[in-house]
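Visitor: I would like a close look at one part of this protein, a helix and the sheet it packs on. Could you walk me through that part slowly, and then place it beside the rest of the chain?

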Amino acid sequence: SINPEYLMTVYDRMVTEAGADVLFFSRLAAVEMSSNDTIDAIIVSNKAGLVAFKSKVYIDATGDGDLAAWAGAPFKRGYGDDGAVQKSSLCFSFANVDSYDYMNGPVLYQWKNEKTPLYVAVRSGKYPLVDTHFCNNLSGPDVIQCNAGHMDVDTTDPWAISQAMILGRRKAGQYLEAMKDVRPTTFANAFVVKTASLLGVRDSRRIEGDYIFTVDDWRQRKSFEDEIGRNCYYIDIHSGKHIPEHYKKGESHGIPYRCLTPKGIKNLLTAGRCISTDEQAFGSTRVMPCCLVTGEAAGMAAMHAVKQTKNDVHKIDTLYLRKRLKEEGQLILAVEPSVAEELKIQAVKTADGKKWWSAFTSFEEELKGSDRVMSTFLTAIEPLFQSAVQVNEIEGIILNPWNRTIMLDKTLLRLILGESGK
């Protein structure tokens with residue numbers, strides 16, 4: 001379990017020690033564009049009034065994709081013809097719970113197990129605000145944290161959010177009444193100690209990026225040459241209409257960098273649940289681990305865009321981004337390049353001034369380089385050798401230029417190729 005109060009202090013320390021300036025109680029109010037594809041400034045509302053902030057690159061981590069949508073990026077919302085979104089919840093905590101009885105008594109809730117106490121309470125008809133969603137766990141001595149209760153909310157409507165907060169607090173109280181009824185030995189002396197400060201929103205805008213990650217990609221456990229991390233969460237759509245889909249242990253899919261780059265906006269990245277997916281795959285990527293992965297990648301990519309491409313996030317070197325993410329501890333897997341893709345090979349100069357192509361025998365060899373990635377490694381190496389012997393400007397190929405280097409001049413390449421290289 002997680003101690004949320006302690007976690008907040010951990011995050012505060014991590015952010016401030018990294019040198020970031022923190023500005024709480026400030027909300028995005030408007031976006032100023034210098035052209036149709038470039039954000040000039042954001043307008044923020046706080047106790048100082050309306051304040052403009054300018055940056056070279058912006059990251060939309062609003063959850064609802066407010067910045068991207070207001071900047072004119074295309075987006076999708078909801079599922080089905082009516083555009084309905086997944087249900088929201090307001091989390092809450094009960095204190096003075098009998099921890100021993102909670103841990104050793106019957107499980108309070110199990111999805112579609114109508115013998116569990118929650119289903120008994122729902123069937124009784126006495127608790128109209130209680131529904132069949134009640135995830136719970138012990139978060140401290142005699143305290144349980146609950147992710148419970150479903151509400152239909154348009155989370156881009158401030159009036160709807162306000163009504164949902166009021167309803168969510170009423171739901172917390174009624175869930176406690178229900179538990180006192182069906183599990184008095186656990187909850188007889190319990191009380192609601194906290195309701196969340198923010199509504200637990202599962203679904204809103206999905207900003208359309210250079211790539212839309214689909215449920216078929218999820219089912220195929222697909223990997224991508226530009227992936228910036230992995231995800232293994234199941235497809236969890238809180239709609240009452242979808243059946244969950246799960247991976248087996250050890251299975252996962254890649255998250256393409258292109259899902260973080262909104263179409264039509266040069267200097268904007270997305271992170272969190274508003275990245276580019278279809279409505280079903282969104283049921284997997286909307287959750288916290290995936291948000292952490294995309295957040296780290298977006299932050300790093302923003303700086304790369306400033307340094308590499310005059311702030312154009314669509315044109316950064318994704319191989320170098322993957323290299324740097326791996327160096328920082330992100331799970332980055334080697335991905336074979338597409339057979340149909342044009343070879344991306346760069347030349348290096350030796351001390352005598354001669355030019356050689358560079359190639360790598362593995363992704364790990366590639367990442368031993370210093371400050372830049374020079375090419376992808378190749379599994380189908382014969383086309384590379386064939387091309388090399390036909391290019392007059394180079395002497396041959398250097399394999400693994402960073403470590404255990406092998407130099408293959410054209411004579412050696414022709415010997416390796418045999419008749420096909422003549």
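Guide: Happily; we will begin with one helix, move on to the sheet beneath, and finish with some other parts of the chain. Please keep in mind that this is a predicted model.

Let us start with helix α13, which spans residues 410-417. Three of its residues, Lys410, Leu413 and Leu417, are buried. Looking down the axis of α13, you find these buried residues within an arc of 55°, so they line one face of the helix. The face turned away from that buried side holds Thr411 and Leu415, which are exposed. It is worth pausing on the residue types here: a lysine, Lys410, is among the buried residues, while a leucine, Leu415, is among the exposed ones.

Now for the two ends of the helix. At the N-terminal end, Asp409 acts as a cap for α13, with a side-chain oxygen 3.2 Å from the backbone nitrogen of Thr411. So Thr411 comes up twice: its side of the helix is the exposed one, and its backbone nitrogen takes part in the cap. Just past the other end, Gly418 adopts a positive phi of about 70°.

What covers the buried residues of α13? The cover includes helix α12 (382-390) and the strands β16 (396-399) and β17 (406-409). α13 lies across both of these strands, and its direction makes an angle of about 85° with β17. α12 lies across β15, β16 and β17, and runs at about 175° to β15.

That brings us to the sheet. It is open and has four strands, in the order β14-β15-β16-β17, with mixed pairing. β14 (347-349) and β17 are the edge strands, each pairing on one side only. From one strand to the next, the twist averages 35°. Inside the sheet, β15 (residues 355-359) runs parallel to β16, and three bridges join the two. One pair to find on your screen is Ser358 with its bridge partner in β16, Ile398.

For a contrast, turn to β2 (residues 38-46) and β3 (residues 49-53), which run antiparallel and are joined by five bridges. They form a hairpin with two residues between the strands. Ser45 stands opposite Leu50 of β3.

Finally, the nonpolar cores. In soluble globular proteins, nonpolar side chains tend to be buried together. The largest nonpolar core here has 31 residues, and those with the most contacts inside it are Phe213, Ile228, Tyr257, Leu260, Leu269, Leu321 and Leu325. Two or more residues come from each of α7 (215-219), α9 (288-308) and α10 (318-327). The largest share, eight residues, belongs to α9. Leu260 makes a good place to zoom in: beyond its neighbours within four places in sequence, Leu260 touches Leu268, Leu269, Thr270, Ile275, Thr294, Ala297 and Ala298. Another core lies apart from this one, with 22 residues that include Tyr119, Ala121, Leu176 and Ala190.

One last stop is Pro184, in helix α6 (residues 184-187). Pro184 is partly exposed, at a relative accessible area of 42%. From Pro184 to Asn46 the distance is 46 Å, C-alpha to C-alpha, with the two 138 residues apart in sequence.

How values were computed:
Residues numbered from 1 in each chain as written. Predicted model: local features only at pLDDT ≥ 70, side-chain atom pairs only at ≥ 80, totals over all residues. Heavy atoms only, no water. Core = buried A, V, L, I, M, F, W, Y, C linked by side-chain atoms within 4.5 Å. Buried < 20%, exposed > 50% of the residue type's maximum accessible area, 1.4 Å probe, protein only. Contact = heavy atoms within 4.5 Å. Arc of directions from axis to C-beta. Polar contact = N/O pair within 3.5 Å; in protein donor to acceptor, adjacent residues only side chain to side chain. Pairing = 2+ DSSP bridges. Axes fitted to C-alpha atoms, helices over the stretch in contact; angles between N-to-C directions.
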